[in-house]
Amino acid sequence: MELYDINKVLEVSKTLFSETYPDVECFILTGSQLEKEFVSVVSDIDILIIDSRLSGVSSAGMLYQGYKVDFTRVGLHSLNEVLIDSCYSSSNTIIDMI
């Protein structure tokens, strides 16, 4: 299995983020790409975006320079509610990302 260079993943993530969401307040690189033993071409890059201009939770995926990228967007004012709801859900996706 071919491995990505984690520095390349970080570089691609920063570049894509600044091109796609230049005015967003916060992004968090998360997911399996950060786990050295799991970083592979079959795994996507997961980016959590938090911003006061967003509301609720939404997601989008794209292909960028051969990398699969998934954006999860959370409104800053919704974050508290989203985190509380995640505690009572079988899917703790946002908490796991943070």
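This note reviews the sheet, the helix that lies across it, the nonpolar cores and residue S58 in a predicted model.

1. Overall sheet. The model contains an open sheet of 4 strands, arranged in the order 1-2-4-3 with mixed pairing. Strand 1 (26-30) and strand 3 are the edge strands, each of them pairing on one side only. From one strand to the next, the twist averages 20°.

2. Pairing within the sheet. Strands of a sheet pair through backbone hydrogen bonds, in either a parallel or an antiparallel arrangement. Here, strand 1 and strand 2 run antiparallel and are joined by 5 bridges; C26 stands opposite I50 of strand 2. Strand 2 and strand 4 run parallel, with 7 bridges between them, and I45 has V69 as its bridge partner in strand 4. Strand 3 and strand 4 (residues 67-75) are antiparallel and pair over 8 bridges.

3. Strand 2. Is this strand enclosed or open to the surroundings? Of its 7 residues, 7 are buried, so strand 2 is largely enclosed by the rest of the structure. Both of its faces are covered: one side presents I45, I47, I49 and D51, the other D46, L48 and I50, and all of these are buried. The buried set therefore includes the aspartates D46 and D51.

4. Helix 1. This helix comprises residues 6-20 and lies across strand 1, strand 2 (45-51), strand 3 and strand 4, running at about 150° to strand 1. Its geometry is consistent with its length: at 1.5 Å a residue, 15 residues should span 21 Å, and the end C-alpha atoms are indeed 21 Å apart.

5. The two sides of helix 1. The buried residues are V9, V12, S13, L16 and F17. Because they cover an arc of only 125° around the axis, they fall on the same side of helix 1. These buried residues pack against strand 1, strand 2, strand 3 and strand 4. The face turned away from the buried side carries N7, K14 and E19, which are exposed.

6. Nonpolar cores. In soluble globular proteins, nonpolar side chains tend to be buried together. The largest nonpolar core in this model has 14 residues, and those with the most contacts inside it are Y21, I45, I47, I49, Y67, V69 and F71. Helix 1, strand 2 and strand 4 each supply at least two residues of this core, the largest share being the 4 residues from helix 1. Apart from this core lies another, of 7 residues, with V74, L79, I94 and M97 among them.

7. Contacts of Y21. Leaving out residues up to four places away in sequence, Y21 touches L16, I49, F71 and R73. Of these partners, L16 is one of the buried residues of helix 1, while I49 is a buried residue of strand 2.

8. Residue S58. Which residues does S58 contact beyond its neighbours within four places in sequence? They are F71, T72 and R73. S58 itself belongs to strand 3 (residues 57-64), and R73 is its bridge partner in strand 4. The C-alpha atoms of S58 and T72 are separated by 5.9 Å, although the two residues are 14 residues apart along the chain. With a relative accessible area of 29%, S58 is partly exposed, because this value lies between the 20% limit for buried and the 50% limit for exposed residues. Its strand is an edge strand, pairing on one side only.

How values were computed:
Residues are numbered from 1 along each chain as its sequence is written. This is a predicted model: local features need pLDDT of at least 70, side-chain atom pairs count only at pLDDT 80 or more; totals for chains, interfaces and linings use all residues. Side-chain values use heavy atoms; hydrogens and water are left out. Buried means under 20% relative accessible area, exposed over 50%, partly exposed in between (1.4 Å probe, protein chains only). Contact means heavy atoms within 4.5 Å. Two strands pair if DSSP finds at least two bridges between them. Axes are lines fitted to C-alpha atoms, for helices over the stretch in contact, and angles run from 0 to 180 degrees between N-to-C directions. A nonpolar core is a set of buried Ala, Val, Leu, Ile, Met, Phe, Trp, Tyr and Cys residues joined through side-chain atoms within 4.5 Å. The expected span of a helix is 1.5 Å times one less than its number of residues. The arc is that of the directions from the helix axis to the C-beta atoms.
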